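Q: I'm new to this one and would like a close look at its empty spaces. Could you walk me through them?

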Amino acid sequence: MTVLIINIKQLVQVRQNNVTVVKGKDMADLPVLENAYLMIEHDTIVEFGPMSELDEIEADEIIDAKDRIVLPTWCDSHTHVVYAGNRVGEFEDRINGLSYEEIASRGGGILNSAKLLAETSEQELYEQSIKRIHKLIRLGTGLLEIKSGYGLSLDAELKMLRVIRKIKKELPITVKATYLAAHAVPKEYKDNKSAYVDLVVNEFIPTIAKEKLADYIDVFCEKGYFDVEDTEKILKAGVDHGLVPKIHVNQFNIIGGVEAAVRHNALSVDHLELLDDNDLEHLKGSRTMPVALPGCSFFLSIPYTPARKIIDNGLPIALATDYNPGSAPSGNMNFVVSAACIKMNMTPAEAINAATINGAYALGVSNQYGSICRGKKANVMITKEIPDYRYLPYSFGEDCIDKVLVHGMIWDL
Ligand code: NIG
Ligand code: FE
């Protein structure tokens with residue numbers, strides 16, 4: 001099966017060499033080819049170039065992209081899209097004056113979602129989740145990470161991870177699974193958090209790793225949740241069982257989690273609404289990708305990750321949605337890219353690099369995804385008629401995506 005896309009107004013994020021991460025000043029460079037074609041064979045990008053160099057227009061399927069932009073699909077490296085129900089009640093409580101932390105300390109928040117999840121069958125959880133993901137693919141997401149973490153017991157975590165495994169099997173997009181081992185302290189362990197951490201380390205992690213249900217290990221390293229000592233214990237156990245760390249850190253407080261994550265060679269540190277110079281120093285020279293989640297900052301009215309500071313220090317940054325029922329109930333990467341430009345002062349080029357190649361890096365697959373490059377997977381999206389790639393973040397809230405190709409196949413749900 002061959003697909004040929006012709007007359008592309010701008011072919012964006014097009015790379016001659018297989019770049020796997022972009023950092024610092026290089027983030028401002030987003031290569032664009034005007035009036036281009038793109039050739040796909042089966043699931044792979046095989047050729048591209050200016051229309052003037054296309055010898056013959058022949059393929060099983062020809063798509064005319066006149067006045068349209070083509071770019072790699074979004075790589076969303078941080079979501080909690082497998083969840084039960086919603087938290088619209090807490091949304092209203094926050095509007096009426098309660099903070100996210102106050103709601104959590106009253107037994108709402110993550111514990112609320114854990115209760116809903118416990119009451120929901122595995123099949124129902126799958127159905128609710130897959131519906132959400134179908135909508136995301138339509139909006140251009142072609143690579144997706146999904147975390148557990150609303151289980152809090154071994155059985156319920158296994159239920160979540162099996163749902164993620166089923167989603168992996170059923171969907172054409174690549175899905176990575178993260179065992180969010182420590183998301184909140186369950187009620188029963190309120191006064192004995194260390195016993196819960198021991199349980200996670202000695203029982204939950206070995207079981208989940210043995211069943212090969214996760215690629216990554218995550219911890220919510222935050223005041224009132226899990227401190228640096230808990231985090232390190234869990235990351236170490238995860239690493240010992242072959243799980244790569246990707247952690248929630250610096251959302252509300254700086255407690256030393258970035259340094260700990262880097263020490264454990266984390267692939268990413270996510271949130272970073274707060275970030276100090278010590279954190280920056282530890283990130284420099286590490287392989288750890290800082291991941292910003294502007295949808296969460298928007299929804300909770302908390303600070304935005306200081307992207308400029310990160311980039312101006314020569315570091316890379318990735319963007320993800322954090323799609324979850326409590327702090328970011330939207331998985332729309334188009335909005336995330338807009339918010340990064342509007343609220344974090346990232347240029348459209350920087351934001352698109354952050355949402356494609358660097359997102360793929362944060363999932364360890366940027367050799368295969370995240371840019372238009374010969375030999376890479378054919379995950380590309382075609383916009384509606386728009387004047388320029390910068391129009392994507394500029395026209396925030398508008399749905400500019402027309403067609404999405406996943407591994408060379410047109411997504412039509
Ligand atoms: O990434 N911060 C921790 N976890 C999620 C929110 C979870 C929830 O509120 O349900 C986050 O923001
Ligand atoms: Fe999260």
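How much space lies in the second largest pocket? And what surrounds that pocket and the other hollows?

A: Let's start with the pocket you asked about, keeping in mind that this is a predicted model. The second largest pocket holds about 230 Å³ of space. Its lining is made up of 14 residues, and the ones nearest its centre are Ala 114, Gly 151, Leu 152, Pro 186 and Glu 188. Two elements give two or more residues to that lining, namely α3 and α6 (193-210). Of the elements, α3 gives the most, with four residues. As for chemistry, the lining of this second largest pocket splits into nine nonpolar residues, two polar and three charged.

Now for the largest pocket, which comes in at about 350 Å³. It has 16 lining residues, and those closest to its centre are Ala 104, Ser 105, Leu 111, Val 185 and Gly 224. You'll meet α3 (110-118) again here, since α2 (100-105) and α3 are the elements that give two or more residues to the lining of the largest pocket. This time α2 provides the largest share, with three residues. The mix in the largest pocket is seven nonpolar, four polar and five charged residues.

Next come the closed spaces. Rolling a probe the size of a water molecule over the atoms is what shows where empty space is left. Counting cavities of 30 Å³ or more, there are two.

The largest cavity has a volume of about 100 Å³. Around it sit 13 lining residues, with Tyr 100, His 183, Gln 251, Asn 324 and Ser 327 nearest the centre. Its lining consists of four nonpolar, seven polar and two charged residues.

The second largest cavity has a volume of about 70 Å³. Its lining counts 14 residues, and Pro 72, Tyr 369, Gly 370, Lys 377 and Asn 379 lie nearest the centre. Here the split is seven nonpolar, six polar and one charged. There's one more thing to look for at this second largest cavity: domain 1 (2-72 + 368-410) and domain 2 (75-361) each give at least three residues to its lining.

So, to find your way back to the pocket you asked about, look for α3, which gives four residues to its lining, and for Ala 114, one of the residues nearest its centre.

Notes
Residues numbered from 1 in each chain as written. Chains lettered and ligands numbered in written order. Predicted model: local features only at pLDDT ≥ 70, side-chain atom pairs only at ≥ 80, totals over all residues. Heavy atoms only, no water. 1 Å grid on protein atoms, 1.4 Å probe; cavity = no way out; pocket = protein on both sides within 12 Å on 5 of 7 lines; lining within 4 Å. Points joined across faces, edges and corners; volume = space filled by probe spheres on them. Nonpolar A, V, L, I, M, F, W, Y, C, P; charged D, E, K, R; others polar. Domains from an automatic or database assignment.
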